[in-house]
Amino acid sequence: MSSLQITAYISSSERTSFEAYAAGCGLDTAGLLGLLLARELRLKRLPELVSRQSPEKVELDRKVTLHRCNEALKESIRSHATCAGTSVSKACAAIVRAELAERWLSVAMETRFESPNG
């Protein structure tokens, strides 16, 4: 049986920023990664996100791991990464970096949505 976890390798500074961002959203890093992966499976932006990655050499010495994810999520992410021509780890790192730049969740949490029922 394969391990039901998904891991992204990122730099120390990215890890520090991701921890702070997750905490600011009331989540831990695993919870935020899981939410971002679920969002990515709906939006299908991975090819664009991977193409944005900088070719610079940075030591990817820290990780963010979603533990105990369900098998369907893990397989969906694996398939999605393969279609984008990358590994699961690199796909997840690209998603983490995109969120650090875009701050989608933070913006969504600050947006007041009016109910259509008044």
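**Cysteines, salt bridges and one helix**

Okay, let's start with the cysteines: the sulfur of Cys-92 is 9.3 Å from the closest cysteine sulfur, that of Cys-69, so that is too far for a bond. The cut-off here is a pair of cysteine sulfur atoms within 2.5 Å, and by that rule there are zero disulfides. Cys-83 is in no disulfide either, with the nearest cysteine sulfur, in Cys-92, 15 Å away.

Quick word on where this comes from. It's a predicted model, so local features need pLDDT of at least 70 and side-chain atom pairs count only at pLDDT 80 or more, while totals for chains, interfaces and linings use all residues. Residues are numbered from 1 along each chain as its sequence is written, and side-chain values use heavy atoms, with hydrogens and water left out.

So, are those two cysteines buried or exposed? Cys-92 is buried, at a relative accessible area of 0%, and Cys-83 is exposed, at 70%. For the cut-offs, buried is under 20% relative accessible area, exposed is over 50%, and partly exposed is in between, with a 1.4 Å probe and protein chains only.

Now the charges. A salt bridge here means a side-chain nitrogen of Lys or Arg within 4 Å of a carboxyl oxygen of Asp or Glu, and the whole structure has seven of them. Take Arg-52: its side chain meets Glu-48 at 2.9 Å, N to O, and Glu-102 also forms a salt bridge with Arg-52, at 3.3 Å between the closest N and O atoms. That second pair links distant parts of the chain, with Glu-102 in helix α5 (residues 88–102) and Arg-52 in the loop between α3 and β2, 50 residues apart. Arg-52 is partly exposed at 43%, and so is Glu-102, at 30%.

Over in helix α4 (residues 71–83), Glu-75 and Arg-78 are three residues apart, so about one helical turn separates them. Their salt bridge has its closest N and O atoms 3.1 Å apart. Glu-75 is partly exposed at 42%, and Arg-78 is partly exposed at 36%. Back to the sharing of partners: Arg-45, Glu-48, Arg-52 and Glu-102 are joined into one network of salt bridges.

Last stop, helix α2. Helices are DSSP runs of H or I, at least four residues, and strands are runs of E, at least two, numbered from the N terminus. The expected span is 1.5 Å times one less than the number of residues, so the 15 residues of α2 (29–43) should cover 21 Å, and the end C-alpha atoms are indeed 21 Å apart. Its buried residues include Leu-32, Leu-33, Leu-36 and Leu-37. After α2 comes Lys-44, with a positive phi near 55 degrees.
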